[in-house]
Structures are given as structure tokens and as C-alpha cells.
Amino acid sequence: MIDRGLEPDIVRLTTLLSGYFAGDVDKVATLTKDTSVMGIQPKNLITTFLLRNILKISEVIAMVNMNEDELLGLFDVMGSLLDYSNWSKQYPLPCTDTPWPGVECEISLDNLPTFHVTKLHIGPDVIDPPCKNSANLSDSLLKLPYLKTLSIFNCFVSSSSPVYLSPTVFGSLTYLEHLALQSNPSLSGEIPSTLSNIVSLRVLSLSQNSLHGKIPRELGKLVSLQQLDLSYNNFSGEIPEEIGGLKSLSILDLSWNNLEGVVHCSLGMLKLLQKIDLGSNKLNGSLPPDLGKLNRLVLLDLSHNFINGPIPETFSGLENLQYLIVDHNPIHSTIPFFVGNLKSLTSISFSSCGLTGRIPSYISSLNTLTALSLDHNNLSGSVPSSLGSLTSLHQLNLSNNQLSGELQLPEEFIDRLGKRLDVKGNPSLCASDYMKKNISMLYHQIPPCLEKQIIIGDRDDDDNNNNKTFQNHPDDTNAQWLLVINQKLLSSTIVICWVIFILFNPRSILESPKQSIGKMEITNVNEYEAIAKQKLPKMIYDYYASGAEDQWTLKENQNAFSRILFRPRILIDVSKIDMATTVLGFNISMPIMIAPTAMQKMAHPEGEYATARAASAAGTIMTLSSWATSSVEEVASTGPGIRFFQLYVYKDRNVVAQLVRRAERAGFKAIALTVDTPRLGRREADIKNRFTLPPYLTLKNFEGLNLGKMDKSDDSGLASYVAGQIDRSLSWKDVKWLQTITSLPILVKGVLTAEDARLAVHNGAAGIIVSNHGARQLDYVPATIIALEEVVKAAQGRIPVFLDGGVRRGTDVFKALALGASGIFIGRPVVFSLAADGEAGVRKVLQMLRDEFELTMALSGCRSLKEITRNHIVTDWDTPRAIARL
């Protein structure tokens, strides 16, 4: 029991803390009984007060109890979810002495101060596997009435034990603000209408489950709701008109269901909406003009429905719209005129919409446009040459239309887009002189044009003439005769071109579609690089792929693994293989993690978003680069996951401190401090390409600080940026300084020697990442796998050591662990697979490496990571050793 004499102290202390966090200077000053400090920053007051009273505060907080019914309710809820029968014994005081990472508590000031559970989170970032096969939602959840956040991810997965949402399960949770039940394939049944009683709810996310039935109209009573995500379920029926009453809603995602009926005009009343995703349903009818009132809307996805056109011209009011996705709907109209007024658009997709008419020239005024897909329609006329002026455009798909005339896009534009320019399937479209001289003509599958003075296709400025004209031949008979001859010449030219191509490339005809690069069956990680090389502009591919100077270390990073051989053990039961491990106390599914790679949106429009989702799905760690094209907050918004933040130290330490605190607030779990870049290595490919960040992208973490862009330079824009911003005076004392501004563990990334490993331990590093920066800094340093063992021995097991660099196979992972690594990071395989296939590519890379690593463990006779030892490998630097005794 709490000593009644201490109650006033408890109340005073908790009130003091609330005043501090609210920034109420007068309240803090009054409670500290120091009226002479009015106007002083509350941080200084609170620090002084806490230091003077630290012992008393500790005694008081220790005496704050938790309500017994609430504690027992928590034990029951955890027992119904987790495959951990001793949870209540190991965490008897989850709010104080024995905290668990998925449970958070707050002190209530009602009557006697008491701890209450306010957050319960279950997911692979907290525990793996997160739940038992028979997991269910216990009614004891009602005993946690102060719960503000309930999030359960990837928990209900057993097909033999479906879980249903009881109408009463959320009955008393009147404080609940955030409810997220996601990625639970056995969560079935309907949404209980009683959910509408939780009027405090701000986030309702029930995506990627097996819920069905109609969306309850009662959800329209959730007046505080800001996010509603019911995607990837089996909901049917119409979208309730009552959704239009959710005035605070900013995100509405109902995609990938079986919803029918029309898009109701009531959605036009949601003035705060920023995202509407209704894709992949069975919606029909016309779009309501009222949607054009949503001037804050950023994303509108209506793809894969049965929506009719034309789209209302009132959509010109969507002034902040960036993503307009209308694929696979029977629009059957011309390209809407309002599109030319939406100057913020970055992506337009009208694939398979039955569009007719010409491609309007006003599209070339959309300077922020990065992707335009108009394929599989009935568009006619010529391709506007003005599209080539869109410097931000990096994907243009006009395939399978009725476009005609000569393709007159600038040479630089065609080179930049490469195979992301798709114009095949337009029978009357022909190649320009430039394309005649390049193999790209064969890729785009369009024939060379006839001589210009004989046949001229439709021009942008010839809107009224849809027929071919014959110049310098007034006699129609002669003109027709010439046309016949030139048609024959055209056919002969095409045949000759293809014969030449086949003679010099016989395998291209013999290979099956499965073997072609676009549809290749990917069997190992390395194959993604070839695809990325074809898809990416040369400047961007070279940035990702190249190393420093002679690139000796770049090749050695991979080659060194081949000089390490296995010593497998046999006749060991390997029917069960456990690859799970912990990193800095966090459970992950395998010792394969994602290294920080900068500027991922150069590889794919979703960039770091896709990588974060892929890492989370694989149950592993993603490390976000300081120089990411998505901010720490944006990556955190993709959902749960264990994420580290890679840090460069800028000359302006206020920038560094601000960035670290933002990462900490966004839920990142560790800082990976890069220590090998006082200056940028000499990357000759970047110098030749005059590398700089494309103008449509920014370093998102530095927006608002005038540090988010790179200036063009006579050599490498990145080298100039580093020279101007990164602190060359960085030393071990800065590691100590960093520890004073964050409670996050700090990994030192870039260690290659025993001496520096010992210094890292001495200066309080939580771990070491053996890295040579992807061979992009100092050439002729050892491969990371060669340096690894030296560093591991110097660390003496006091802190974990990880390897980053050169890993392309599951066998490489095994070799690194055999040499003492606690895990490995991969970088280039991620960006290459991201460029090739987005999130799906990254997921496949992680899965391939996992599968190969599991196979290597089995064939080496290892059932768990702890069984992988130095005796399982032999290296070319080993001295002769005696055979280990059994």
C-alpha cells in the first residue's frame, strides 16, 4: 500500500511533470516553489528539481501500484495471445520493475495515483513468433478500460482456429484512440457495429484480414476518426453514405474488397481527406462531381473497378493531387481536360480505360510528372514531342494504342528513360532517324519511318486532318503509285532488319519468354542487377553499382567469400532449423538485415516505403539512410517494424541533434553512426556522370533546413555536398557526445581493424558494423569478410559485431556467422531488386537469402545459429590445425 503521507507528493510530482511536458512555465515554477524563476525555460527548472529530489521521486514512483483487476486482466489477455505460459511470472510488474516492450503505462491522477495500461502492441517487432496457434481476443480486454492503443499484427494466423470480433469485446474501451488489427489471416467475421461506441477512436485499421460482410453504417458515428483502413478483406455491399460524416478523416482505404454500387457524393464532404484508395473492388456508375471539392487530396486510386466516364471536370479543384490512378475502368472518353490543371501531379495512370482521341499537349506542362501510363487504350494521332521536355519523367507507357506517325522525342529523353519508355503495339507508329541507328528500335518494336517527303503522319498542330498527305505529288495517281512502292519498301526494310538481327542474335529467337530479361525466372540475388542496369538511367545505376577508384575492393568484397570453404558435419537431425535471433534485444526472424542505402526513390517511386514494408514482412531490420528520399516519419508511417537510423554527422550539430530526436520519436530503435566518411571517396563513375540528385527528389530528412538538394557540380554533386556539410573533425569524443543526446544504442559503422574495435568498445558503442562503405570510400582496403575475424577477436564478445558488404548468397551469411558475426546487412541487392520489381523484388531477395541460408545450415549439420562455429569453415589464412575431437 502507498503511505497516505506521500499522496500529496505523488500528486505534486505528476502534476509537475504534466506541466513540464505541456510547456507551462508558471505551473512548473509554482510547483517547485521558486517564484524567482518565472519565464525560465521549464526544461532547466525540471532538471534542477529532479536532481534535488531524485531519491524521493524514485521512492514515490515505486509506491504507485497498478489496479489488481487491471493487472489480472492484462495477464489473461497476454495468456490468450502469446505462446508464453510464464509471461505473468516473468513480467509481474509490467508498468515498473519488469517492463515488456509491447506494454506502456501512464499514471492516473484520479483519487489515488495509479498505473494504468494505455498501450498494448503485439507484432513481430516485439516477439517472434508473436502468438500461439490458438490465439484469440480475450473478453478480459474489458478489464483494461484506460487502453488508448491496441495493435495486433500477424497474430491470428491459424486457418484451423478462426478468430471473431465479439460485439462486446471493445465495450468499455472508452479511451481507445488507435485500433490496428492487421495482417491476421484467420481474423474473420463481421465488424461489430458496437465499435461505433468508441467515439474517441482516431485510427481504425483492420487491413489484411479475412473480415467480410457489409461495412457497418454505424462507423459514421466515429466523429474523431482520422484514418479508416479496411483494405485487403472480403467486405461486400455498398460504401455507407454515413462515411461522409467523418469530418476529421484524412485517410480512407477500402481497396481490395468486393464493394459494389456507386461512389457516393457524401465523400465530397470530407474536406480533410488526403488519400482515397478504392481500388480493386466492383464499384460502378459515374464519379460524383463533389469529389472535386477535396482540395487537400494527394492520392486518388480508383483502379480495377467498373466506373464509367467521363470523369467530371470539377476534378480540376484537386489542386494538391499527386497520384491519379484510374486503371482498368470503362471510362471510354478522351483524356480529361482537367488533368492539365493539376500542377502537383507526379503519377498518372489510365491504363486499359478505353480512352480515345489524341494525347493532349497540355500534359507536357505538368513539370512534376514522374510516371505516365496510357497503355492499352484507343488513343490515336502522334506522340507529342513536347513530352520530351518533362525532365522529371522517368516512366512513359504508351503501348498498345493506335498512335501513328514518327516518334520524335529528344535523344536525351529516349536515353534517359531506356526501357521505361514503352511504345510497342502501335501499328502505325514509326521510329525516328535516331532510333534507326540504335538497337533500341528493336526493343520498342516499331519499324523505321519512310522518307519524310513521301509520307507524313499526323502532327500535333494538324488536329483536323486524320488522313495521310502526299507532298510534292499533286497527281493522286502518282502519289498512290508511290505509296504502293514505299509500302513494299517498308515491308522489305523490316524483313531485312529482322534477318540481320536474327543472324547476329540467334539466341533471341530460340530463347523462351521465360528466359527473356523482362520475364526472367529469378533464381538468385545477382540476377536482379542485370535487370536494374537495363531499367535505370546510367547515372543512377552507376551511382548504386560503382566503387572507388580502381574498384579492386568492390570486386574483392564478393570474391573473398569464394576463398572460404565449408567443413560440413553429417548424420545430424536437421528436420527443424531455427534461424531466429536477437539484435540489441530485438527479436528478428533471421540474421539477415537491410543496410542503409541512400536515395532509394531513384530506383523506384516507392523507394524506402517499399523497402520498409518488405523488411517488416520478413520480420527483420531495415536501416534508413540519413540521405533517404523518404523521411523518418514517412517510413515510420508504413506500419510496425524494427528500424535503425544511419547517421552522418553534419558540421551543424543542431541539425544532427534534431535528426536523432526525430528518429527516436518516430520509433527507430538504434543509431548506426557512419564513421568512415570525413570526405567522400573518389567515385569516378559519379564524376564522369556529373552525378546529382534528380530534381524531382529531395533528401527528405533535411527539407526545411536548406539541405535537401544537391547543387550541380563539375564533377560529383554528392562529393560537393559532403565537402560542404559533413564534419571532417569527427572523432571518438563525438560518440560520447551522441550518447548525451539520445538513449538509443549506437552502432559504429565502418570499423575494419582491431585497434578501432577496441576503441569502439571503450567508448561505449553498443555494437560494431564491419563495413568498407560498399567499397566506395578507400580502395584497396580488405574485403569486409577478411576484416571480420580480426574485429570479432578484438571485441572479445563484449558487444556484437555485424558484417556489411559483399553478401550475395545464403552461403555468404553462414560464412560470416562462422567467423563470429552476429548478423549481416545487405545493401546493393536491395536497391537492385527494388529497381527491378519494387517491394515484391525486395521481399524476394530476403526470401531467397533466407532459403539459401537455411539450406546451408541443414547441409552443414547446424540446427540453430549457436551451432554455427569456426570449425564449419576453412579459410586460406588458416594455419594447419588439429582435427577437433568429438
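This section describes the disulfides and cysteines of a predicted model, followed by the packing of one pair of its helices.

Two disulfides are present in the structure, a disulfide being a covalent bond between the sulfur atoms of two cysteines. One of them joins Cys95 to Cys105, with the two sulfur atoms placed 1.9 Å apart. Cys95 belongs to the loop that runs between α6 (87–90) and β1 (103–108), whereas Cys105 sits in strand β1 itself, so this disulfide ties together parts that are ten residues apart in sequence. The torsion about the S-S bond of Cys95 and Cys105 is about -70°, and the disulfide is therefore left-handed. The two partners fall on either side of the 20% limit below which a residue is taken as buried: Cys95, with a relative accessible area of 17%, is buried, while Cys105, at 23%, counts as partly exposed.

The pairing of Cys131 with Cys155 is likewise a disulfide, and here the sulfur atoms are 1.8 Å apart. Cys131 is located in the loop between β2 (114–122) and β3 (149–153), and Cys155 in the loop between β3 and β4 (163–164), so that the pair ties together parts separated by 24 residues in sequence. Because the torsion about the S-S bond of Cys131 and Cys155 is about -105°, this disulfide is left-handed. Both Cys131 and Cys155 are buried.

Accessibility was also computed for Cys265 and Cys862. Cys265 has a relative accessible area of 36% and is partly exposed, whereas Cys862 is buried, its relative accessible area being 0%.

Turning to helix packing, two packed helices are described by the angle between their axes and the distance between the axes. Helix α17, spanning residues 653–665, and helix α20, spanning residues 732–741, have axes that come within 10 Å and cross at roughly 50°, which means that α17 is oblique to α20. The crossing in which α17 passes α20 is right-handed. On the side of α17, the contact involves Arg653, Val656, Ala657, Val660, Arg661 and Glu664, and these residues meet Asp734, Trp737, Leu738 and Ile741 of α20. Sorted by character, the residues of this contact between α17 and α20 comprise six that are nonpolar and four that are charged, with no polar residue among them.

Definitions and conventions:
Residues numbered from 1 in each chain as written. Predicted model: local features only at pLDDT ≥ 70, side-chain atom pairs only at ≥ 80, totals over all residues. Heavy atoms only, no water. Axes fitted to C-alpha atoms, helices over the stretch in contact; angles between N-to-C directions. Helix = DSSP H or I, 4+ residues; strand = E, 2+ residues; numbered from the N terminus. Parallel < 35°, antiparallel > 145°, perpendicular 65-115°, else oblique. Left-handed = near helix turned anticlockwise from the far one by under 90°. Contact = heavy atoms within 4.5 Å. Nonpolar A, V, L, I, M, F, W, Y, C, P; charged D, E, K, R; others polar. Disulfide = S-S within 2.5 Å. Buried < 20%, exposed > 50% of the residue type's maximum accessible area, 1.4 Å probe, protein only.
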